2 protein chains.
Amino acid sequence: MDSTLLKGLTLLELLTQSPVPVGVSALATKLALPKSNVHRTLGTLVSAGYVRRLENGTYEASLKVWELGMQVMKRNQLRRAAIAFMHALQGVTTETVTLVAPDGDDCLYIHQMEASAPLRISTAAGERAPAVMTISGRVMMAFYADAAQRAQRLYDAVSPRPPFGLETLLSDLKTIRQNGYAMSGSHWRPGINSMAGVICGPDGVPVGAIAVAGSKERFTDEKMQELVQPLLSACANVSRALGG
Amino acid sequence: MDSTLLKGLTLLELLTQSPVPVGVSALATKLALPKSNVHRTLGTLVSAGYVRRLENGTYEASLKVWELGMQVMKRNQLRRAAIAFMHALQGVTTETVTLVAPDGDDCLYIHQMEASAPLRISTAAGERAPAVMTISGRVMMAFYADAAQRAQRLYDAVSPRPPFGLETLLSDLKTIRQNGYAMSGSHWRPGINSMAGVICGPDGVPVGAIAVAGSKERFTDEKMQELVQPLLSACANVSRALGG
DNA sequence: GGCGACGTTCCATATAGTAGAACAGCCACA
DNA sequence: TGTGGCTGTTCTACTATATGGAACGTCGCC
């Protein structure tokens, strides 16, 4: 099943995750592969432009992966549909507005519009977090048809074990479903208030979420209450733009 | 030389460049490869998470490439060093500020801060353009030690043939070198005024450029003149932050 | 000066990818 | 309602291609 390709991709992933250039030996031990093998694979990755070889014989990922990735993101339906309405929402609040998509057990941070007073602590675009631990993830989970089963599966999958029980999660999801939006909790990052609404596709299945987050002191409960309607209408507009 | 890996990467590039999902046959003919081969390769790309198979048997690139690419970009030295000073520059002007890096014969658009009145026509982050055709590319070319040779090579490489002669380019570069910055031209995109300064690494070699661009009507010659000093100091600051 | 760890090169072996043919499903046109 | 031509997919014998151990040259450190 194309083990060579698979190995090359794994190698590329390792390099993209490494904060510093890596040598052949380190990569070889990490992949449990002979040095000569890794060396040749690195050679082809270099000749394809995905990896750069530094003068001291170490290797690092080039920007080619990023360039390809940006082409993909540029065409992303969710982002294209959401970006205008996010701008509008950004105009109403002064906090950080984030676009999130579900991806496996996690939610993936697609786009972020930083507040004028930027929120340094928050997760940035391109990162991911367990769905159970974020309001964005929760608001999406709440609106799946099989919400309860899915919640249990995701809850069991997350490690380390969350600081709350499964029952708490399930009742939270129920509340979210009733309200139509999710709020605060600050389970994921302490000191931060946040709220999120769900974006649904044509078939009513959650395909994304818009979240607003700010520091507890500035982004008070009152301000959040004022934002409920703008947030919900933004989400509704995006859902409609997607054909829902 | 790991032809399988090379082929898989080419396939991935094709998919990232395609605006719509593609079928096996189309990919096979484009790569001049047997269908069965492409089919198996697509299978491993899917199992690795880089490609998604749609229900109608067509394939499209997933966001995994983008996710990896964002990890690389997050660590990018140039971007990390420049972003704060770009923000400062953005505060002075109301136009679009762009960070550019040289990459082969092209310049690659690393980061873009949109103006309050956004400039829709300009090239976006993740895209690339021939160095000869942009002020950002020109300001970097002008400050290489072998500027003249490099200019000739890049001039000959670009197609279609530029609407200006090599002599014009060389004299332009000379002017740029004397001024310390590049201005306007609007060779690449008509109706747009633009200016750029160069960012140099520790060894004095150009490693990037900062460009400011706006519509001819709003971003007048006078406004550009006022921006020369802020732009140059921003570039100098970034160069210094890089150890230059 | 020599030990150890590094990146790199080489080459016989067999494994893993190749390519063609055959299959099954779909759609369009007659 | 066929039928022809297009999909994507499966299968298999073949051989070209990746494999991995051993040997090489080089650097830095004790």
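**Figure 1. Contacts of the protein with DNA strand D.** A backbone N or O atom of Ser3(B) lies 2.4 Å from a phosphate oxygen of DNA strand D. This is a predicted model, in which local features need pLDDT of at least 70, side-chain atom pairs count only at pLDDT 80 or more, and totals for chains, interfaces and linings use all residues. Residues are numbered from 1 along each chain as its sequence is written, chains are lettered from A and ligands numbered from 1 in the order in which they are written, and side-chain values use heavy atoms, with hydrogens and water left out. Helix 1 and helix 3 of chain A, together with helix 1 (3-17), helix 2 (24-31) and helix 3 (35-47) of chain B, each give two or more residues to the surface near DNA strand D. Helices (H or I, at least four residues) and strands (E, at least two) are DSSP runs, numbered from the N terminus. A phosphate oxygen of the strand is also 3.4 Å from a polar backbone atom of Met1(B), and a base nitrogen of DNA strand D lies 2.8 Å from a polar side-chain atom of Ser36(A). A polar contact is a pair of N or O atoms within 3.5 Å; within protein, one must be able to donate a hydrogen and the other to accept it, and residues adjacent in sequence count only if both atoms are side-chain atoms.

**Figure 2. Composition of the surface near DNA strand D.** The strand is surrounded by 19 residues, the closest being Arg40(A), Ser3(B), Gly23(B), Ser25(B) and Arg53(B). A residue is near a strand if one of its heavy atoms lies within 4 Å of it. By class, this surface has 4 nonpolar, 10 polar and 5 charged residues. Here Ala, Val, Leu, Ile, Met, Phe, Trp, Tyr, Cys and Pro count as nonpolar, Asp, Glu, Lys and Arg as charged, and the others, Gly among them, as polar. Of the atoms of DNA strand D within 4 Å of the protein, 70% belong to sugar or phosphate and the rest to bases.

**Figure 3. The surface near DNA strand C.** Among the 19 residues around DNA strand C, those that come nearest are Ser3(A), Gly23(A), Ser25(A), Arg53(A) and Arg40(B). Sugar and phosphate make up 71% of the atoms of this strand that come within 4 Å of the protein. Phosphate oxygens of DNA strand C lie 2.7 Å from a backbone N or O atom of Val24(A), 2.9 Å from a side-chain N or O atom of Asn37(B) and 2.5 Å from a polar side-chain atom of Arg40(B). At least two residues of the surface come from each of helix 1, helix 2 (24-31) and helix 3 of chain A and helix 1 and helix 3 of chain B. The residues divide into 4 nonpolar, 10 polar and 5 charged.

**Figure 4. Packing of helix 1 and helix 3 in chain A.** Helix 1 (residues 3-17) and helix 3 (residues 35-47) of chain A pack at an angle of about 80°, with their axes 10 Å apart. The two helices of chain A are therefore roughly perpendicular (65 to 115 degrees). Lys7(A), Gly8(A), Leu11(A), Leu12(A) and Leu15(A) of helix 1 meet Asn37(A), Val38(A), Thr41(A), Leu42(A) and Leu45(A) of helix 3, contact meaning heavy atoms within 4.5 Å. This contact comprises 6 nonpolar, 3 polar and 1 charged residues.

**Figure 5. Surroundings of Glu95(B).** Glu95(B) lies in the loop between helix 5 (77-92) and strand 3 (96-103) of chain B. The residue is buried (under 20% relative accessible area), with a value of 3%. Its side chain makes a polar contact of 2.8 Å with the side chain of Arg218(B). Beyond neighbours within four places in sequence, Glu95(B) is in contact with residues including Met113(B), Val212(B) and Phe219(B).

**Figure 6. Backbone geometry at Pro160(A) and Ala32(A).** The peptide bond from Ser159(A) to Pro160(A) is cis, with omega near 5°. Pro160(A) is located in the loop between helix 7 (147-157) and helix 8 (166-179) of chain A. Ala32(A), in the loop between helix 2 and helix 3 of chain A, has a positive phi near 55° although it is not glycine. Most residues other than glycine have a negative phi, and most peptide bonds are trans. Ala32(A) is exposed (over 50% relative accessible area), at 67%.

Note on methods. Axes are lines fitted to C-alpha atoms, for helices over the stretch in contact, and angles run from 0 to 180 degrees between N-to-C directions. Angles under 35 degrees count as roughly parallel, over 145 as roughly antiparallel, 65 to 115 as roughly perpendicular and the rest as oblique. Buried means under 20% relative accessible area, exposed over 50%, partly exposed in between (1.4 Å probe, protein chains only).
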